[in-house]
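Thanks, everyone, for making the time. I would like to walk through one model this morning, so please have the sequence and the structure open as I talk.

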Amino acid sequence: LTQNKEKESVHLSLFPAIETDSIDKDLEERMSYAQRVSSMVLSLRKREKIRVRQPLQKILIPILNPKFKTQFEQVKELVLAEVNVKEVDYLEDSSTLIKKKAKPNFKTLGRKLGKNMKAAAGIIAAFSNQEINEIEKNGSFELTIDEQKFELTTEDIEILTEDIPGWMLATDAELTVALDVTITEELEAEGIARELVNRIQNVRKSSDFKVTDKINIQLATHVSIEKAVESHLNYICNEVLAESLTLENAIDSDTQIDILGQDLNIKMSIHES
């Protein structure tokens, strides 16, 4: 450390030695769960073409082991904020909700099993939901072919999940996530309100308003935004520093914002206190 302080630049310093006693394994595990679940949920959103500003209601996550729920609870709010979902529920037994199938990973099994590959493929394809869950929890399993035993791991099989109505599923090794993709009227209105905030903020910026300027907003009315403005008026106004936001049939302005494919005229003015 003394040597490093004498250097003119951090780029000329020696990399410090790792202090293994300072490594928090539990923290690393929690953050790994957070990153992997967030990545899966965002990929499901992308697959369904659901924009991130659109709130969704729930994530379901099967409990991997007794420690998992405690670990994930500590990063739950971080994940929910990142993926814009309101709540997470845990499944003690995912077998009644999440249907899984297993198929052999020929790339790894070919080297391990050789001539027994064909027999192993049939056994693996016949694994039940419960057997697959146990394999995921344990990380390994024993396969017996003609009285010969083979110790295999989860890397030796590919686990596929079947989507259920209203839900999308994703897996990453032992982790499975089910995302509720049903968008209710209330969720849709909240999503539109978030889009409105984003578009109004962009207009504020391009109009050279000061960050602290309070404004009045006139916005062309349209059936697609009426419920969102009515339900979330305070939220929208607070976010964009608006003293008022009114929907009107005709707006004398050339400025427009695009909401869900609708070009709506908008007019802003400084609020005179």
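**A kinked helix, a four-stranded sheet and a one-sided helix**

Let me start with helix H9, which has a kink of about 80° centred on His 232; please keep in mind throughout that this is a predicted model. The kink goes along with a short end-to-end distance: a straight helix of 18 residues would span 26 Å at 1.5 Å a residue, whereas H9, residues 223–240, spans only 22 Å between its end C-alpha atoms.

His 232, on which the kink is centred, is also one of the buried residues of H9, the others being Ile 225, Ala 228, Val 229, Ile 236, Cys 237 and Val 240. What covers these buried residues includes helix H8 (185–206) together with strands S9 (215–220), S10 (242–248), S11 (256–259) and S12 (262–270). Just after H9, Leu 241 takes a positive phi of about 55°.

Turning now to the sheet, in what order do its four strands lie? The order is S2-S1-S8-S7, in an open sheet whose pairing is mixed. Its edge strands are S2 (85–91) and S7, each of which pairs on one side only, and neighbouring strands are turned by 20° against each other on average, if direction is ignored.

Within this sheet, S7 (residues 167–172) and S8 (residues 175–180) run antiparallel and are joined by six bridges, with Thr 171 having Thr 176 in S8 as its bridge partner. Two residues lie between the strands of this hairpin, in which Ala 173 takes a positive phi near 55°. S8 also pairs with S1 (residues 56–62), again in the antiparallel sense, over two bridges, and here Leu 60 stands opposite Ala 178 in S8. Packed on the sheet is helix H2 (residues 25–48), which touches S1, S2, S7 and S8, and whose direction makes about 45° with that of S8.

Finally, I come to helix H6, residues 117–125, whose buried residues are Met 117, Ala 120, Ala 121 and Ile 124. Why do these four lie on the same side of H6? They cover an arc of only 105° around the axis, and therefore they share one side of the helix. As for what they pack against, the partners are strand S3 (99–104), helix H5 (106–113), strand S4 (140–145) and strand S6 (157–162).

Note on methods. Residues are numbered from 1 along each chain as its sequence is written. This is a predicted model: local features need pLDDT of at least 70, side-chain atom pairs count only at pLDDT 80 or more; totals for chains, interfaces and linings use all residues. Side-chain values use heavy atoms; hydrogens and water are left out. Buried means under 20% relative accessible area, exposed over 50%, partly exposed in between (1.4 Å probe, protein chains only). The arc is that of the directions from the helix axis to the C-beta atoms. Contact means heavy atoms within 4.5 Å. The expected span of a helix is 1.5 Å times one less than its number of residues. The bend at a residue is the angle between axes fitted to the seven residues ending there and the seven starting there. Two strands pair if DSSP finds at least two bridges between them. Axes are lines fitted to C-alpha atoms, for helices over the stretch in contact, and angles run from 0 to 180 degrees between N-to-C directions.
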